[in-house]
Number of protein chains: 2
Amino acid sequence: MTLSVREFMPDIAHADILEAAALCFMERGYNATSIDDVARRLGATKGRIYHHYPAKADLFAKVCRTGMDMNYAAIEPLRNDSSDLLTRWTRMATVHTRQMIETRPFQRVVWEGVELALRGSTTPQQREELDDLLRYRNGYGDIFREVIAQGRSHGVFEFEDLGIANQLMFMALNSPIFWYTRRPGETEADRDNIIRQVVTFAMRGLGGKRQTQ
Amino acid sequence: MTLSVREFMPDIAHADILEAAALCFMERGYNATSIDDVARRLGATKGRIYHHYPAKADLFAKVCRTGMDMNYAAIEPLRNDSSDLLTRWTRMATVHTRQMIETRPFQRVVWEGVELALRGSTTPQQREELDDLLRYRNGYGDIFREVIAQGRSHGVFEFEDLGIANQLMFMALNSPIFWYTRRPGETEADRDNIIRQVVTFAMRGLGGKRQTQ
DNA sequence: TTGACAACATACCGGGTAGTATGTTCATCA
DNA sequence: TGATGAACATACTACCCGGTATGTTGTCAA
């Protein structure tokens, strides 16, 4: 259900560049990352990158977009889920959190992209791209927002302000992009265990009724 | 109980510079902020800043340290609180969250400082300062960590991994530094209401028993 | 086989910015 | 009162990095 980069990029050259860029941007941030850094990680030079992307900002935007594309694709199968609300929310939250862990470099770049978009203060053309990203991510957030809103009106969840609750929920679910690191010898079960704890925290935070874990 | 910058800086000149720097760093981030930006906000020039701080990195570090100083000072009165654990945790969490809102520029810079420290990749001397910041903040985090650990062993809280729970709790409590903006006409009660919702979310997330709000 | 184009590498330029070196003003104190 | 130094402003330098212009290699079609 979770997707990797290459399934989105049939063109290997682009996938390699995007992956290297995502890693660099994650490690040092947008401004501190030079195109030469990305090229060095690829074992190549600037020329290769500028042949495919007109500017650094476009490369960054593409990494962000790819990250969000993967998120949308991951929860897409759950759009038609007809389970009860709490089950549906739990599935969505679990998939989302797993996504944060398994495509962490991209998700962290998305986070910085959203921050840059909110700050403003860039060139008009880049502004356009970042605003697109913002709308793209807001649309994604609205999917969850709607579910927890329904959940509250059905007595499944209990909270006051919908906007605040949504923010807090996403902060919890997204948080692994900041503190998760793959331990050597970590099993699939270990990771599932972490994800479960994160989702449980968010569910309880939303005032959700306890369900069988 | 919450403290402002000037109470920490008897020297007004330093307080002005730190406040301007905090605002600039918050708005554009460390790398994208030039010393001239800070000077411009002060209605001054570079000379003034370099007269007090040897380098940009030192100014940044000082902003971080000041932010953490304010946090420590804010919860200091609660160290000797002999109330029951849930009450004590709630008071600490409330003070902390209020701190995030009322000194938001500084707290946001602290966040970026921690990120820079975790990434590494800087000059050795700055590395030293950032590592100091990291230890300083970890010490602060341990205060909360101990309280929720005790709370769990006394049946007040319920969660699995202590480290993960602490991370998730702080993500929730810190989150206003990302999404809080002061609304025009916002009253003191409005702000208290926001803080209460954040604290409630975190408490429930930790598996805390509901108490009278 | 050759021309033409894609996919890069190499070499270079220009703007922005951290940091410095030097002036200038003003207060304080011997 | 003049000497001294703190607290800045001004002027300048050096470097890094984004972007471009040009060179090189391989492939493929006619």
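Here is a short walk through this predicted model, with a selection to make at each stop.

Before you click, note that residues count from 1 along each chain as its sequence is written, while chains are lettered from A and ligands numbered from 1 in the order in which they are written. As this is a prediction, local features need pLDDT of at least 70 and side-chain atom pairs count only at pLDDT 80 or more, but totals for chains, interfaces and linings use all residues.

**Stop one: the DNA**

Select DNA strand C. Around this strand sit 15 residues (near means a C-beta atom, placed from the backbone, within 6 Å). Try A:Ala44, A:Gly47, A:Arg48, B:Ser34 and B:Lys56, which are the closest. Next, colour helix 3 (46–52) of chain A, plus helix 2 (35–42) and helix 3 (46–52) of chain B: these elements each give two or more residues to the surface near DNA strand C. Helix 3 of chain A has the largest share, four residues. (Helices here are DSSP runs of H or I, at least four residues, numbered from the N terminus.)

**Stop two: where the chains meet**

Now show chains A and B together. Here 24 residues of chain B are in contact with 24 residues of chain A (C-beta atoms, placed from the backbone, within 7 Å). On the chain B side, pick helix 1 (12–28), helix 8 (162–174) and helix 10 (188–205). Helix 10 of chain B gives the most, with seven residues.

**Stop three: the axis**

Finally, select B:Gly205, the residue of chain B that comes closest to the rotation axis, at 2.1 Å (C-alpha).

Notes. Contact = placed C-beta atoms within 7 Å. Least-squares fit on C-alpha atoms with pLDDT ≥ 70 in both.
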